[in-house]
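Hi,

Here is the structure I promised to pass on to you. Have a look at it first, and my notes follow below.

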Amino acid sequence: MIAIVLNGEPKEITSGQSILDLLQALNLPLERLAVEHNLKIVKRDHWSSQALEDGDKVEIVQFVGGGSAGNC
């Protein structure tokens with residue numbers, strides 16, 4: 001196990017996980033996410049090759065749609 005910081009909170013994950021592995025383990029909808037790894041935005045096509053290491057900082061942002069034109 002290794003320790004990372006996920007959205008500002010400590011989290012232990014299995015050693016050798018990629019960003020994609022982490023997202024899948026969290027059951028997040030992949031099509032609506034942006035990921036920052038150690039203060040750098042990671043492009044979607046690099047999620048599977050970007051390995052996480054002890055002490056890494058990961059921020060996950062989920063885009064949410066909705067609202068109505070009448071509320072503008």
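Val58 touches a good list of residues beyond its neighbours in sequence: leaving out those up to four places away, the list runs Ile4, Val5, Leu6, Asn7, Leu22, Val35, Glu36, His37 and Leu52. Please keep in mind that this is a predicted model. Val58 sits in strand β5, which covers residues 57-62. Its relative accessibility is 0%, so Val58 counts as buried, the cut-off being under 20%. Lys40 is 18 residues away from Val58 in sequence, and the C-alpha atoms of the two are 9.3 Å apart in space.

Now for the chain as a whole. The protein chain has one helix and five strands, and their order along the sequence is β-β-α-β-β-β. With a radius of gyration of 14 Å, well over the 11 Å that the globule rule gives for 72 residues, the protein chain is more spread out than a compact globule. The C-alpha trace spans about 50 × 25 × 20 Å along its principal axes.

On contacts and burial: of the contacts with a separation of 6 or more, 51% join residues 24 or more positions apart. Buried residues make up 25% of the 72 in the protein chain.

As for the surface, the protein chain exposes about 5000 Å², with 51% of that supplied by carbon and sulfur atoms. Its charged side chains number 6 positive and 10 negative, and the centres of these two sets are 7 Å apart.

Happy to hear your thoughts once you have looked through it.

Best wishes

Conventions
Residues are numbered from 1 along each chain as its sequence is written. This is a predicted model: local features need pLDDT of at least 70, side-chain atom pairs count only at pLDDT 80 or more; totals for chains, interfaces and linings use all residues. Side-chain values use heavy atoms; hydrogens and water are left out. Helices (H or I, at least four residues) and strands (E, at least two) are DSSP runs, numbered from the N terminus. The radius of gyration is taken over C-alpha atoms; the globule rule is 2.2 Å times the number of residues to the power 0.38. Buried means under 20% relative accessible area, exposed over 50%, partly exposed in between (1.4 Å probe, protein chains only). Contact means heavy atoms within 4.5 Å. Accessible areas come from the Shrake-Rupley method with a 1.4 Å probe; for residues, only the protein chains shown count as cover. Lys and Arg count as positive and Asp and Glu as negative; His and the chain ends are not counted. The place of a charge is taken as NZ of Lys, CZ of Arg, CG of Asp or CD of Glu.
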